[in-house]
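Me: I'm new to reading protein models. Could you walk me through this one and tell me how each label is earned?

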Amino acid sequence: MNIGLLGFGFMGKTHAYAVQNLNFFYRDLPFEAKIAGVCCAHEENARTAVRQFGLGRVYANEDEMFADQSIDVVDICTPNHCHYPTLKKAIAAGKHIYCEKPLCVTYEQAKEIAELASVRGLTAQVVFHNRFLAPVRRAKEIVDEGRLGRILSFHASYLHSSAVDTARAAGWKQDRDYGGGVLLDLGSHAIDLIYYLCGAFTDAVGKAQIAYPARLGVDGKPWQTNAEEAFYLIGTLECGAVGTVEASKIAPGTNDDLRFEIYGEKGALRFDLMNPNYLYYYDGTAPESPLGGMRGFTRIECVGRYPLPGGTFPGAKAPVGWLRGHLGSMYAFLSCVHRGVQATPSFTDGAHVQWVMERAYESAGS
Ligand SMILES: NC(=O)c1ccc[n+]([C@@H]2O[C@H](COP(=O)([O-])OP(=O)(O)OC[C@H]3O[C@@H](n4cnc5c(N)ncnc54)[C@H](O)[C@@H]3O)[C@@H](O)[C@H]2O)c1
């Protein structure tokens, strides 16, 4: 499969990383996929990306990419306001589409796009990638097994601190004209998780907040904030559950704090992306006793457990982030080779660890 990548910012890089590493994580893939070309708002950026990461060729614009018959899949990683016109053209060109969230900026646009893609029979996916985290997969299993019983309420939140500093120029995600606003940006993920785990929404009400009306704009000049920095939503689901979704970029102390809690008649679930190895499950049917019985949240070790053909690398027990340590280690070593200096942990460090083990063996043997 030849993938044409649109946009090479944060997400373009992330998707390219995913495609280029699929073979490590999924054994014996029955297909081959590669990024065959890149198109960016600034051609120079696409040129750099192609050179640095071996991403095929540069397309001057998206029309050129869509006209290329060798491109099977279009991967959309551009700012939100670009999605709708790009999607329309990609569908017309008969490409399969992997599109970043939110699908569009308005429901009217999204509905039209969903219908068009369905009529053309294309394979299309929105990048609500949190659905593919191991604890979220396990949460889905637990809900589907009926372990929570009838779901009564939910609380999801996605909190960042990126808009706290008004001296920092706003990005397009804070500008309504580019499809900005924290509900579209972060809230969409939290809403999707509740939808995925508990079912469709039947209504939603809410309140938006702008705490810092005056800040620097995308161009670095004084600017009046026009997109919400926080949003507080109350929703009702088809199953009757009522709950809240909070999205914010004005939450100091947070990093990528995506959480959900789901409460049912028979139990509850809790997840926190900052603690991504575990899902917390409360079994309300577990026996109780004066000293507590077996009641309490169970910390389920989801870690690196993925069904085959995934999960074999880096292995079921490897915690999220384990591979990052190897990247850091390899980088440190190669940088030292490059600079012609000694690296640490050195062989002397290795020998010290060896000495400790040998003393311990000697002791155990006597
Ligand atoms: N799923 C996630 O975890 C996640 C995280 C961040 C962003 N996103 C989504 O990904 C998309 C991109 O966000 P980002 O953070 O990568 O933004 P970004 O600003 O880092 O990158 C945007 C890229 O699009 C390019 N671009 C802009 N207009 C273009 C055009 N008309 N044609 C081609 N390229 C164009 C820019 O040059 C840049 O390379 C957004 O829809 C955003 O909501 C998803």
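Reply: Gladly! Let's begin with a term: helices (H or I, at least four residues) and strands (E, at least two) are DSSP runs, numbered from the N terminus. This is a predicted model, where local features need pLDDT of at least 70, side-chain atom pairs count only at pLDDT 80 or more, and totals for chains, interfaces and linings use all residues. Residues are numbered from 1 along each chain as its sequence is written, and side-chain values use heavy atoms, leaving out hydrogens and water.

Me: Why is Leu 237 called buried?

Reply: Buried means under 20% relative accessible area, exposed over 50%, and partly exposed in between (1.4 Å probe, protein chains only). Leu 237 has a relative accessible area of 1%, so Leu 237 is buried. This residue lies in strand β11 (residues 230-237).

Me: What makes Cys 239 partly exposed and Cys 302 buried?

Reply: Cys 239 has 33% relative accessibility, so Cys 239 counts as partly exposed. For Cys 302 the value is 4%, so Cys 302 counts as buried.

Me: How do you know that Cys 239 forms no disulfide with Cys 198?

Reply: A disulfide is a pair of cysteine sulfur atoms within 2.5 Å. The closest cysteine sulfur to that of Cys 239 is in Cys 198, 6.3 Å away, which is too far for a bond. The sulfur of Cys 302 also has its closest cysteine sulfur in Cys 198, but at 16 Å, again too far for a bond. By this rule, the count of disulfides is zero.
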